[in-house]
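I opened this entry to record what I looked up in the structure, item by item. The notes follow the order in which I consulted it.

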Amino acid sequence: MTFTSPRIVRHFVELFADDWSRRSGELRAVSIGPVTSAELRRWGVEPAAEAERPGEEEMVAAVGRR
């Protein structure tokens with residue numbers, strides 16, 4: 001799953017509500033940058049990849065480096 005802002009992370013967490021603690025362990029997240037990665041970590045998810053700079057191509061490159 002790709003995340004392009006902290007707000008999107010929060011909305012995604014809200015979708016799972018009470019089930020988040022169980023489901024968060026199943027998530028492989030790609031972040032657009034350090035601020036979004038910090039929000040993922042706040043919710044207990046370590047990003048599988050993080051773009052070096054914000055942008056679609058950078059996110060794809062981050063996944064490719066994994």
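**Helix α4**

I began with helix α4 (residues 56–65), whose buried residues I noted as Glu58, Met59 and Ala62. Viewed down the axis of α4, these buried residues fall within an arc of 100°, so they line one face of the helix. I recall that an α-helix has 3.6 residues a turn, so residues three or four places apart point the same way. I should state here that the model is a predicted one.

I then turned to the face of α4 directed away from its buried side and found the exposed residues Glu56, Glu57, Val60 and Gly64 there. What covers the buried residues of α4? I listed β1 (2–3), β2 and β3 (49–50) as included in the cover.

I looked separately at glutamate 58, which lies in helix α4. Is glutamate 58 buried or exposed? Its relative accessibility is 19%, and the limit for buried is under 20%, so I entered glutamate 58 as buried. Not counting residues up to four places away in sequence, glutamate 58 touches Ala51 and Arg53.

**The sheet**

I next traced the strands. They form an open sheet of 3 strands in the order β1-β2-β3, with parallel pairing. The edge strands are β1 and β3, each of which pairs on one side only. Between β2 and β3, which run parallel, I recorded 2 bridges.

**Serine 31**

Serine 31 belongs to strand β2 (residues 30–31). In β3, the residue standing opposite serine 31 is glutamate 50. I noted a relative accessible area of 0% for serine 31, which is therefore buried.

Which backbone atom does the side chain of serine 31 reach? I found the backbone oxygen of glycine 33, at 2.7 Å. Setting aside neighbours within four places in sequence, I listed the contacts of serine 31 as Phe3, Thr36, Ser37, Leu40, Pro47, Ala49, Glu50, Ala51 and Met59.

**Nonpolar cores**

I asked which residues make up the largest nonpolar core. This core has 9 residues, namely Phe3, Val9, Phe12, Val13, Trp20, Leu27, Ala29, Leu40 and Val45. Helix α1 (residues 6–16) supplies the largest share of this core, 3 residues. Apart from this core lies another, of 6 residues, and I noted Val30, Ile32, Ala51 and Met59 among them.

I also checked valine 45 within the largest core. Neighbours within four places in sequence aside, valine 45 is in contact with Trp20, Ser24, Leu27, Ala29 and Leu40.

**Aromatic rings**

How many aromatic pairs are there? I counted 4 aromatic pairs. One of them joins phenylalanine 16 and tryptophan 20, with 6.2 Å centre to centre and 45° between the planes, a tilted arrangement. The two residues of this pair fall into separate exposure classes: phenylalanine 16 is partly exposed, at a relative accessible area of 24%, whereas tryptophan 20 is buried, at 9%. I noted further that ring pairs link Phe3, Phe12, Phe16 and Trp20 into a cluster.

**Two loop positions**

I looked up serine 5 in the loop between β1 and α1. Serine 5 has a relative accessibility of 19% and so counts as buried. The side chain of serine 5 reaches the backbone nitrogen of isoleucine 8 at 3.1 Å. Leaving out neighbours within four places in sequence, I found serine 5 in contact with Ile32 and Thr36. I also noted the separation of serine 5 from alanine 51: 46 residues in sequence and 12 Å in space, C-alpha to C-alpha.

My last position was glycine 44, in the loop between α3 (34–42) and β3. Is glycine 44 buried or exposed? I entered glycine 44 as exposed, because its relative accessibility is 59%. The C-alpha atoms of glycine 44 and glycine 25 are separated by 8.2 Å, and the two residues are 19 residues apart along the chain.

Conventions:
Residues are numbered from 1 along each chain as its sequence is written. This is a predicted model: local features need pLDDT of at least 70, side-chain atom pairs count only at pLDDT 80 or more; totals for chains, interfaces and linings use all residues. Side-chain values use heavy atoms; hydrogens and water are left out. Rings of Phe, Tyr and Trp (its six-membered ring) pair if their centres lie within 6.5 Å; planes under 30 degrees apart count as stacked, over 60 as edge-to-face and the rest as tilted. Buried means under 20% relative accessible area, exposed over 50%, partly exposed in between (1.4 Å probe, protein chains only). Helices (H or I, at least four residues) and strands (E, at least two) are DSSP runs, numbered from the N terminus. A polar contact is a pair of N or O atoms within 3.5 Å; within protein, one must be able to donate a hydrogen and the other to accept it, and residues adjacent in sequence count only if both atoms are side-chain atoms. Contact means heavy atoms within 4.5 Å. The arc is that of the directions from the helix axis to the C-beta atoms. Two strands pair if DSSP finds at least two bridges between them. A nonpolar core is a set of buried Ala, Val, Leu, Ile, Met, Phe, Trp, Tyr and Cys residues joined through side-chain atoms within 4.5 Å.
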